[in-house]
Every structure is written in C-alpha cells, then in structure tokens.
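Good morning, and thank you for joining this meeting. I would like to take you through one structure, beginning inside a chain and ending where two chains meet.

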Amino acid sequence: MTPFLTFVTRCCNRPQMLATNIASVEMQIDNDYNQVFIDDPLRLGLYAANCNLYSNRHRVTGKYVYILDDDTALIVPDFVSTIRQLAKNQKCDIIMVKSYWLATSQGRVILPRQEFWQRPPVKGQIDTLNFIVRNGVWQRHIHEFCQPRCGDFHFAKALFEQDYSICWLDEIMAATQQIGSLTGR
Amino acid sequence: MATYTFLVVPVTSDGTYIVNPTNNTVTAIETYLNAQGALGYAVVGIITGRDGQQKLILQKAS
C-alpha cells in the first residue's frame, strides 16, 4: 500500500546522528510513512550524494516526499499529521516549512529567513528541510538536485519556475544536528 | 502560481483559546490573530498530540 509520505535519508557513516534521525521519525503520531535510506559508505562526496537521489528515485513511493538526511531530525511529533491535513484540504504540490540551521558564525538560525519567506528560493538560504513535494513533481525534477553543490537550491529553483501550487506553513518542523556554513552550502 | 499560507497554533480542548506553550497562558483566538495581523484565517484542520494537546491549522484568506 502506498504510504502518505516517504522520508528519504542519505547516510554517510554517522551512526549517532542517524539514530537521532530515526528516533525523530519513529516518534511521529501518524505512522503512514516509510523511510528510504541511501547509504554512501565509501564517502564519495556531496556530488555523488546529490545524484544518488535521482538514481534511487524508483524506491520513493509515498504520495509526498521529504528529504531528511542523517544529520538532520524532525523536532515535532505531528509533522506527518500536519502535512497530511494540508494535503487533504489543499492541492499542495509543494509544502514549504521552516527549519533550524546551525551556522558556524551565527548559532542557530531559522531557514528560510523571514526576508526570504514566501519568496522564490535563494542560494544558501534554503535547505532540503524546507520543502515537502508531491511525488510526481519530485520525480519529474529530482535530476535537478544532481549538482556538485547546492543541489537543494537548484531543485527548489526548478520547482518554483513551474506553475505548481505552493502551500506555506509557518512552522519550524526540523533541524540540522551539526554545525555548517551558510555561505559554503 | 497558486500560493496558500498556513499557521499552526495550540488551542484549549474547546478550541477557543490559543495556548502559549512556554508558560501555558491562554489568549482568546481573535485577540491572538489580531495581534499577529492574521485576522481572516480560517480553520482547515485539527490535530491532536499524544498528550491530548490540540492544534488548529489555520489558512489565511487569499
């Protein structure tokens, strides 16, 4: 049976963070999901990881898709149930949400920042944690993610260039687990 | 491109008051939305947590 949501989790030899990631998924009140793991035990790098989404697209079967990499986690137990309510009531092709990003210089910041909220994506100001995408749309554009850097931006940019309906949910739903650089993304 | 805007707010069991999760104080929904500049939102969904806490999903009128 087709699950409502597929979590796509790219993994790279980070078992402790992966455990936190899985625990955050398993705490969901609504269990109508599956989680697909795309492992990179050889540490082939970001480009390979970005292209792995396309090459594993046949494994993604949920009605909606959310990329939740091993160094990230959900921070609310009602993520799935909330997204399902939106999907039921609206024709949302893309659901945009907010997330916490741990930045090297600025501590914990919210992405997208307020000045970029309800605007087309800006490089370095959007994360995979910010969009849940209807599966057919995700499959149609996931090749755009196959970039050496900023695959999330290129993917989101491609979505916004189409005439898809976008639902903006002003709620912080997920967070990164490790510190990164906003400018280096 | 069609766009829709939503908020999620915790409410009391009768659905009439917004709950502040930090200090558990409550505010009438109309007062809260007015303060947010968000009057005109409509309820499109209700979710209930394991602890029984209810949340309203509100959609801004387009």
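Please look at helix 5 of chain A, which covers residues 151–160. In this helix, A:Gly151, A:Asp152, A:Phe153, A:Phe155, A:Ala156 and A:Leu159 are buried. What covers these buried residues? The cover includes two helices of chain A, helix 2 (46–55) and helix 4 (135–141), together with two strands of chain A, strand 5 (94–103) and strand 7 (131–134).

I should state early that this is a predicted model. Its scores are ipTM 0.82 and pTM 0.91. For chain B, the mean pLDDT is 82, with 94% of the residues at 70 or more. Which elements of chain B have the lowest and the highest mean pLDDT? The lowest, 80, belongs to helix 1 (residues 29–35) of chain B, and the highest, 89, to strand 1 of chain B.

Let us now turn to the contact between the chains. Chain A contributes 18 residues to the contact, and chain B contributes 15 residues. On the chain B side, strand 1 (3–11), strand 4 (41–48) and strand 5 (54–60) each supply at least two residues. Which strand of chain B gives the most to this side? Strand 1 of chain B does, with six residues. Sorted by class, the side of chain B that touches chain A holds nine nonpolar, four polar and two charged residues.

Strand 1 of chain B also pairs across the contact. Four bridges connect this strand to strand 8 (residues 166–176) of chain A, and the two run parallel. One of the bridge partners in strand 1 of chain B is B:Thr3, which is matched with A:Ile166.

Notes: Residues numbered from 1 in each chain as written. Chains lettered and ligands numbered in written order. Predicted model: local features only at pLDDT ≥ 70, side-chain atom pairs only at ≥ 80, totals over all residues. Contact = placed C-beta atoms within 7 Å. Nonpolar A, V, L, I, M, F, W, Y, C, P; charged D, E, K, R; others polar. Pairing = 2+ DSSP bridges. pLDDT = per-residue confidence, 0-100. Buried ≥ 20, exposed ≤ 12 C-beta atoms within 10 Å, placed from the backbone.
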